[in-house]
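Here's a quick briefing on how the strands and helices of this protein fit together. Have a look at the sequence and the model first.

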Amino acid sequence: LKVVVVGLGYIGLPTAAVIARTGASVLGIDVSAHVVETVNSGKVHIEEVDLDGLVSGVVARGALRASTQIEPADVFVIAVPTPFADDHAPNIGYVLNAATTIATVLKAGDVVVLESTSPVGTTEKVRDLLAQLRPDLKVPGKSNGDSPDVAIAYCPERVLPGRILVELIDNDRVIGGITPRCARKALQFYRRFVRGACVTTTSRAAEMTKLTENAFRDVNIAFANELSRVADTMDVDVWEVIRLANRHPRVNILSPGPGVGGHCIAVDPWFLVHADPANTPLIRTAREVNDAKIDYVVERAEAMVAANPGERVACLGLAFKANIDDFRESPALKVALALAARFGDRLRIVEPYTDTLPPSFDGSGATLIDIDSAIETCGIMIVLVDHDVFKSVPVDERADKLVYDTRGIWPDQPRAPTRGAPLRLAS
Ligand code: SAJ
């Protein structure tokens, strides 16, 4: 079996490597010559647990190659980004470009699967484009009933950064065919490497399922973030309230934080809102609540820093979530940058997952230090990411600090100022 994976990013590269491990011959396509060279030398350009060893192994065996040029194959997997514009309109240009490239080598019997998170109807657009570019081939669901030459399906990726290689294999997959026959052909392919259940449906239902999963999480995080603000107003510890409420058998509240980051949950709900604004007030509001949480944290952190002019300030974490090196759409990064703009000379950043501060901090005066130096030199600590290394700081090393713990990692932190004080320190 020959498989082409278009897009060698956070999803495409691990997927290509996992398929290569099953014995298939895999070609990864990317527009970046740097990415292609890196992969061909057996290395990785992204950090993901165990990915380096897997890629170096399958490249050494010749099972995985990379190129900027497409070649004929039996199965094509599209894993390119689907960003949105300023007005939240989804941009499926990379998906359509990938389909245009695939059309140049497509032949009867091939399978084309879209994995990129996409607005409902995108797989049909891919189908229409392939039909237009290759009138010599029968494409599904057009004039030729359910016996197409080419099978086209949508199968969203659902993996969690940090657990990608495990979840690629263990998670259930939703496989939506343009027709049932397309779904069945795609299913045969996924069964090669997926241990979870593979459930078939239509491409439109599969597209909406993916958006629904991330919108569900966003709405639930928004609930937790809203609660944390109410609890601040009431001078109640939100973490304790959530712990207690979650003892109810049918309540399961997620964790508040400084906002929602990453390129999935902060993006995908907009695809639903954009498609049907009149019927998505809840999903839209959740997005707004989660975005507004960043500004709220900035405001409170600034007030704390301004009220204590003699103290150095440590921001703990820049990543968008715990134990990863990914800063995309990171609320922690946004908060730290806002503080750097006002208090740069007093600001110290602790981020064990980087060796250098991002260029956006240049000229601010903020510097990168390790957690031990932060404990020694900073009187104020603003916890922005729940990295394990931060959680393990014992209470006696931070008892005298002014702490703003946006992630609730230090439940035993003494709560210095209480009701009536201008500044409350727990969030
Ligand atoms: N977050 C909170 N509180 C929580 C949980 C998360 O504030 O209780 C924040 C995180 O800190 C982070 C953001 O939300 O900033 C998103 O993190 P996440 O761990 O919820 O999700 P992602 O973006 O890493 O991955 C999600 C996953 N989707 C779901 O869990 C429904 C993953 O399975 C998807 O494959 C991925 O999006 C994707 O690619 O779409």
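C315 has I349 of strand 10 as its bridge partner. That pair belongs to a parallel match-up in which strand 9 (residues 313–316) and strand 10 (residues 347–350) are joined by 4 bridges. Strands and helices here are DSSP runs numbered from the N terminus: H or I of at least four residues for a helix, E of at least two for a strand. Two strands count as paired if DSSP finds at least two bridges between them.

Keep in mind that this is a predicted model: local features need pLDDT of at least 70, side-chain atom pairs count only at pLDDT 80 or more, and totals for chains, interfaces and linings use all residues. Residue numbers start from 1 along each chain as its sequence is written.

**The 5-strand sheet**

- Strands 9 and 10 sit in an open sheet of 5 strands, ordered 11-10-9-12-13, with parallel pairing.
- Its edges are strand 11 (367–368) and strand 13 (402–405), each of which pairs on one side only.
- Helix 11 (residues 281–307) lies across strand 9, strand 12 (380–383) and strand 13, and it runs at about 175° to strand 13. Angles go from 0 to 180 degrees between N-to-C directions, and axes are lines fitted to C-alpha atoms, for helices over the stretch in contact.

**The 8-strand sheet**

- The other open sheet to look at has 8 strands in the order 3-2-1-4-5-6-7-8, and its pairing is mixed.
- Strand 3 (64–67) and strand 8 (198–202) are the edge strands here, each pairing on one side only.
- On average, neighbouring strands of this sheet are turned by 25° against each other, direction ignored.
- Strand 1 (residues 2–6) pairs with strand 4 (residues 75–78) in the parallel sense over 4 bridges; V5 has V77 of strand 4 as its bridge partner.
- Helix 7 (residues 180–190) packs on this sheet and touches strand 4, strand 5 (111–114), strand 6 (151–154), strand 7 (173–177) and strand 8. Its direction makes about 145° with that of strand 7.
- Helix 8 lies across strand 6, strand 7 and strand 8, and also runs at about 145° to strand 7.

**Helix 8 against helix 11**

- Helix 8 (residues 203–234) packs with helix 11 at an angle of about 50°, their axes 8 Å apart.
- That makes helix 8 oblique to helix 11 (under 35 degrees is roughly parallel, over 145 roughly antiparallel, 65 to 115 roughly perpendicular, and the rest oblique).
- Helix 8 passes helix 11 in a left-handed crossing, meaning the near helix is turned anticlockwise from the far one by less than a right angle, whereas clockwise would be right-handed.
- Residues making the contact include A215, D218, V219 and I221 of helix 8 and L282, I283, A286 and R287 of helix 11; contact takes C-beta atoms, placed from the backbone, within 7 Å.
- By class, this contact has 9 nonpolar, 2 polar and 5 charged residues. Ala, Val, Leu, Ile, Met, Phe, Trp, Tyr, Cys and Pro count as nonpolar, Asp, Glu, Lys and Arg as charged, and the others, Gly among them, as polar.

**Helix 10 against helix 11**

- Helix 10 (residues 268–275) and helix 11 pack at about 140°, with axes 9 Å apart, and are therefore oblique to each other.
- Their crossing is left-handed.
- P269, W270, L272 and V273 of helix 10 meet I283, R284, A286 and R287 of helix 11.
- This contact splits into 6 nonpolar, no polar and 2 charged residues.

**Helix 11 against helix 12**

- The axes of helix 11 and helix 12 (residues 331–343) come within 10 Å and cross at roughly 35°.
- Helix 11 passes helix 12 in a right-handed crossing.
- Among the residues that meet are I294, V297 and V298 in helix 11 and P331, K334 and V335 in helix 12.
- The contact counts 10 nonpolar, no polar and 3 charged residues.

**The overall picture**

- The protein has 14 helices and 13 strands.
- Its C-alpha trace spans about 75 × 50 × 40 Å along the principal axes.

Key: Two residues are in contact if their C-beta atoms, placed from the backbone, lie within 7 Å.
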